[in-house]
Every structure is written in C-alpha cells, then in structure tokens.
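Morning, everyone. I have one structure to walk through today. Here it is.

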Amino acid sequence: MNLVKTWDQLEELQPAVLKMLKNSLLKERVAHAYLLEGIRGTGKKEIALLITKALFCESLIEGFKPCEACHNCRRINSGNHPDVHKVEPDGLSIKKQQIQDLQEEFSKKGVESSRKVYMISDADKMSVSAANSLLKFLEEPNSQTTAFLLSEQPQQLLPTILSRCQILSFKPLSPLAMINQLTENGVNPMKAPLLAQLTNNLDEAYELNVDDWFAQAQKIVLKLYEVLRKNPLEAMVTLQGDWFSHFKEKEQINRGLDLLLLIFKDLLYIQLDKQEQIVFKAESDRLRRYALETSGRRLSDQMSAILEAKRKLAANMNPQLMMEELVLKLQEGSSFV
Ligand SMILES: [Zn+2]
C-alpha cells in the first residue's frame, strides 16, 4: 500500500485540507509544525509526503503541485532524501533517544539546502520524555524546518505540543472516495460499493472484505429476501434456522438489518433507473428481475419497516420478536398473503 498519490488524487480524499495547504504554499506561509489528525486510511501520510515534495520540488506545477519527476521528488518518493527524516514508533512507543537523534541531525546544516522536514508517525505514542524533548525543539523554530506530526488519537498528545501545531483534521472518506481507495488497493470492484456503504473506515472495510462471517451473512440475507418473495410462508422457517443461527449478537443482527435494507434500496435504485448506485453488484441480474415484480410504494414501506426494526433493536426489544414482527410486515402486500 505504498502507492504514491498525486495532488489531484489526494484532493479527492481531503479537499478542505489541501485547499488550506495550497494557499499556504502559494503565499509562502507554510507553518513550522502541522498536526495531521484523523482515523487511519484518510491520507495523512500521503499528504505529509506530498507537501514535503512541494517544499523541495525543483519545478513546481502551478506554483504548488510537486512535479513528481525531478530529482528531489523522486528521492522523496523512494524515501532517501537526505533532508527528510521520518520517525516511527520503535515497538510500542517513540522513545526519547529517537527525538534526540532527530535533533542532532537537525543541528547540522541541511545536507543540500537549509530546508529540512521531519515527519513523526503515531505522534501520540511518544513517551513523556520524548514529547518533552520535541517540545523544546518546537519552541525554537527554524524558519526552514517543517514538522508533520501524524496521529489517530490527538487527544493523547500534550496540550503544549498541540498548541504549537497547526491542526489539520482529516475527514472520514466519502463513499465514492472509499470505493476508489478500496479498488486501487485490490478489493474486487464488485464488492467495494457494498463495503463503502457499510463503513467509512478503510481498515474496517478491508477486514469485512476477507471476513467469512460477513460473506455468509450476505448469503443469508439474500436468501431471506428470496424466500419472502417466492414463498412467504417459509420465511419464518428461514428465520428460525439460518437467520438466528448466524445473527446472534445485537451488533450482528444490526449488520444483518443493514444488509437487508440495502437490498431494498438497490431495488428502488433500479426502479428509479439509477443502476450505478447499486451496491450488490454481483447480484444485479437477479435484482433487476425482482425489481420488475414490485412497486416503489411497496419498497419504501418495506424500508420503513426495516428502519423501525433497527430502532426497536437499539431500544433493546427482544430480537426474536422484533424479527418475527419485521418478517410479517415485509410480507404485507405480497401476492401470497
Ligand atoms: Zn519535483
């Protein structure tokens, strides 16, 4: 997952952050220290790297975009520019010695110019003594030095460090940006839309993608839909058998209801001729057939019934009763009843 991303690609992920940085670069008002904070998979490392290149690039495009081709850009991409330093946790924490080594490195003149950049990943994992060393460093800013502190848990950083950084908040990704990230990193394009609909956390999406329980859950939910459609009298049997033996914990039942809701949503999208919005891509042929057999009115009643069931589950209604009630409601208006 060490893909180098261009300015335009990263702008799609974090438009607000890049707009801010673009202005700073154009006005030559780059801060001495930035804190890039947000959940994993939101582009913090990539953007720190991008801005580092913008600071060293020999032929900037439009005055702020790194060219990705010059000697400096290429050396930063391959991780061996002498004036760019990276610090990562050594085991569970970032130790005082690591910060001291960094400071020693910075007391020397820039190897090639007076500009220097350092990047501290998981900055919240600094030990107290490491953080205090860094603090001294941040207190005597050198105009040619830029620090990027990256963190998923900024609340664990010393307030004195926070107050010396310009804070850049990274937003969770939009569903479209999620889909692009997932497919660029090897997730089957047929599966990515469903994952992006269920979570905006890339890590969780990667986990779901290889999770057997989740794969099985999708099959059972589709089966429940098919039974409801073909033979509603059997729906209770499916519920007692497959459904309850798979969806046990409250969280699992909620996931099952989300999947069921997405089937109805897909059917509605098909009816509205918005096929590109379907998330059960692999099932699109049969979903298109089913969409012909029902009405938009009925689909929206069924979706309301599922949302109501989710509310009852959240309010601790007995899951067995809640599901039986839901199945009866989903059958209303069926030609079999
Ligand atoms: Zn360049």
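Let's start at the metal. This is a predicted model, and in it a zinc ion is held by four cysteine sulfurs: the SG atoms of Cys57, Cys67, Cys70 and Cys73. The coordination distances are 2.3 to 2.4 Å.

What is the arrangement of the four donor atoms around the zinc ion? Tetrahedral, because the angles they subtend run from 102 to 118°. For reference, the ideal angle for four tetrahedral donors is 109.5 degrees.

Now the sequence spacing. The donor residues follow C-x9-C-x2-C-x2-C.

Are these cysteines buried or exposed? Take Cys57: its relative accessibility is 12%, so Cys57 counts as buried. Cys67 has a relative accessible area of 18%. The cut-off for buried is under 20%, so Cys67 is buried as well. Cys70 and Cys73 are both buried too.

And disulfides? The count comes to zero, with a pair of cysteine sulfur atoms within 2.5 Å as the criterion.

On to a helix. H11 covers residues 212-230, which is 19 residues. From first C-alpha to last, H11 reaches 27 Å. That is close to the 27 Å expected at 1.5 Å a residue.

Which residues of H11 are buried? Phe214, Ala217, Ile220, Val221, Leu222, Leu224, Tyr225, Glu226, Val227 and Leu228. Note Glu226 in that list.

Last point: what do those buried residues pack against? Helices H9 (192-198), H10 (202-209) and H12 (235-246) are among the partners. So are H13 (250-271), H14 (284-292) and H16 (319-331).

Conventions
Residues numbered from 1 in each chain as written. Predicted model: local features only at pLDDT ≥ 70, side-chain atom pairs only at ≥ 80, totals over all residues. Heavy atoms only, no water. Donors = N, O, S within 2.8 Å, 3.2 Å for Na, K, Ca; no water. Tetrahedral: all angles 85-135°; square planar, octahedral: opposite > 155°, others 65-115°. Buried < 20%, exposed > 50% of the residue type's maximum accessible area, 1.4 Å probe, protein only. Helix = DSSP H or I, 4+ residues; strand = E, 2+ residues; numbered from the N terminus. Expected span 1.5 Å × (residues − 1). Contact = heavy atoms within 4.5 Å.
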